[in-house]
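Trainee: Could you take a close look with me at one part of this model, the pair of cysteines, and then show me how the charged side chains fit in around the rest?

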Amino acid sequence: MIPILYDTNETAFISNGLGRLRDCISCKVTEERNSGVYELEFEYPVNGSNYDRIRLGRIVAVRHDYTNDVQPFDLVYSSKPINGVVTYRGVHISYRQSTITATGSNINSLADAFTLLESGEPSNPFSYETDMTSTAYMGAADGLPHSVRSLLGGMEGSILDTYGGEYEFDKFTVRLLYSRGKERSFSIRYGVNLVDYTDEMDYSDTYSAVIPYWSGQDANGDPLNVIGNMVTNDDTTYTGRVD
């Protein structure tokens, strides 16, 4: 399909948004099951009709799988024009869960784990579904603030480590399924050499807020966690991760 450009605050993805990128030269989506990688790359000419509208922080939505539904990607990278063509990269909107933190402890079931994620702050717009029922202690819920995305998977004792399953990311819905799709004999290669690019713009590691905390012992030797308030940088033009 032709990729559709949306503004950063779009949530419905049912209109033509800011315009369809009809001049797009190539478009590729890479999704690796349970690895956390779900990214978009496309090439667009500088003389394309919507070139001036493509900005980092905006969203590009595309169809790329059997569901025939669009999936949105936040634009986080643009290269210097090479022969009049710019390479853009985006990350699936589910990566926004890296900007949301949750703090909890004594999580002993998958249902409680999802309740913890839903309580994340700033307000969590994502919803969580599963076809599994599981009870087990979740080690990552240690009373300290962690990003919601890292609690899903990627850190020791995460939901994925504790309860298993396979993730499906669908716009603002996260599903943990017993099994997703079918086994196929193929592999996905991920990674692109960027050493020839100069004057790049890459917002993927931009931070706009931090939550300070300290973990140790009190004067009696008992465990003690001290968690501060979120500190934000209002001058940041792109909302990056909160870790």
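Mentor: Happy to! Let's begin with a cut-off: a disulfide is counted here when two cysteine sulfur atoms lie within 2.5 Å of each other. Keep in mind that this is a predicted model. With that rule, a search of the whole structure gives zero disulfides. C24 takes part in none, and its nearest cysteine sulfur, that of C27, is 5.1 Å away. Looking from the other side, the sulfur of C27 has its closest cysteine sulfur in C24, and because 5.1 Å is too far for a bond, the two stay unpaired. Their surroundings can be described as well: C24 counts as buried, at 18% relative accessibility, while C27 is partly exposed at 39%.

Now to the charged side chains. The whole structure holds nine salt bridges. One of them joins R89 and E41, with 2.6 Å from N to O. R89 sits in strand β7 (residues 85-92) and E41 in strand β4 (residues 38-45), so this pair ties together parts that are 48 residues apart in sequence. R89 counts as buried, with a relative accessibility of 15%.

Another salt bridge brings together the side chains of D69 and K171, at 2.5 Å from N to O. Both partners are in loops: D69 in the one between β5 (59-63) and β6 (70-78), K171 in the one between β11 (166-170) and β12 (173-177), so the contact ties together parts 102 residues apart in sequence. D69 is partly exposed, with a relative accessible area of 31%, whereas K171 counts as buried at 14%.

R175 and E168 also meet in a salt bridge, at 3.4 Å from N to O, and E168 is buried, with a relative accessible area of 13%. These last two pairs belong to a wider arrangement: D69, E129, E168, D170, K171 and R175 are linked in a network of salt bridges.

Charged residues turn up once more around an enclosed space. The count comes to one cavity of 30 Å³ or more, with a volume of about 50 Å³. Its lining is made up of E31, E32, R33, N34, G36, V37, Y38, Y167, F169 and R180. Sorted by class, that lining has four nonpolar, two polar and four charged residues.

Technical notes
Residues are numbered from 1 along each chain as its sequence is written. This is a predicted model: local features need pLDDT of at least 70, side-chain atom pairs count only at pLDDT 80 or more; totals for chains, interfaces and linings use all residues. Side-chain values use heavy atoms; hydrogens and water are left out. On a 1 Å grid over the protein atoms alone, a cavity is a set of points where a 1.4 Å probe fits but cannot get out, and a pocket is an open set with protein on both sides within 12 Å along at least five of seven lines; lining residues have an atom within 4 Å of a point. Grid points are joined across faces, edges and corners, and a volume is the space filled by probe spheres set on the points. Ala, Val, Leu, Ile, Met, Phe, Trp, Tyr, Cys and Pro count as nonpolar, Asp, Glu, Lys and Arg as charged, and the others, Gly among them, as polar. Buried means under 20% relative accessible area, exposed over 50%, partly exposed in between (1.4 Å probe, protein chains only). A salt bridge is a side-chain nitrogen of Lys or Arg within 4 Å of a carboxyl oxygen of Asp or Glu. Helices (H or I, at least four residues) and strands (E, at least two) are DSSP runs, numbered from the N terminus.
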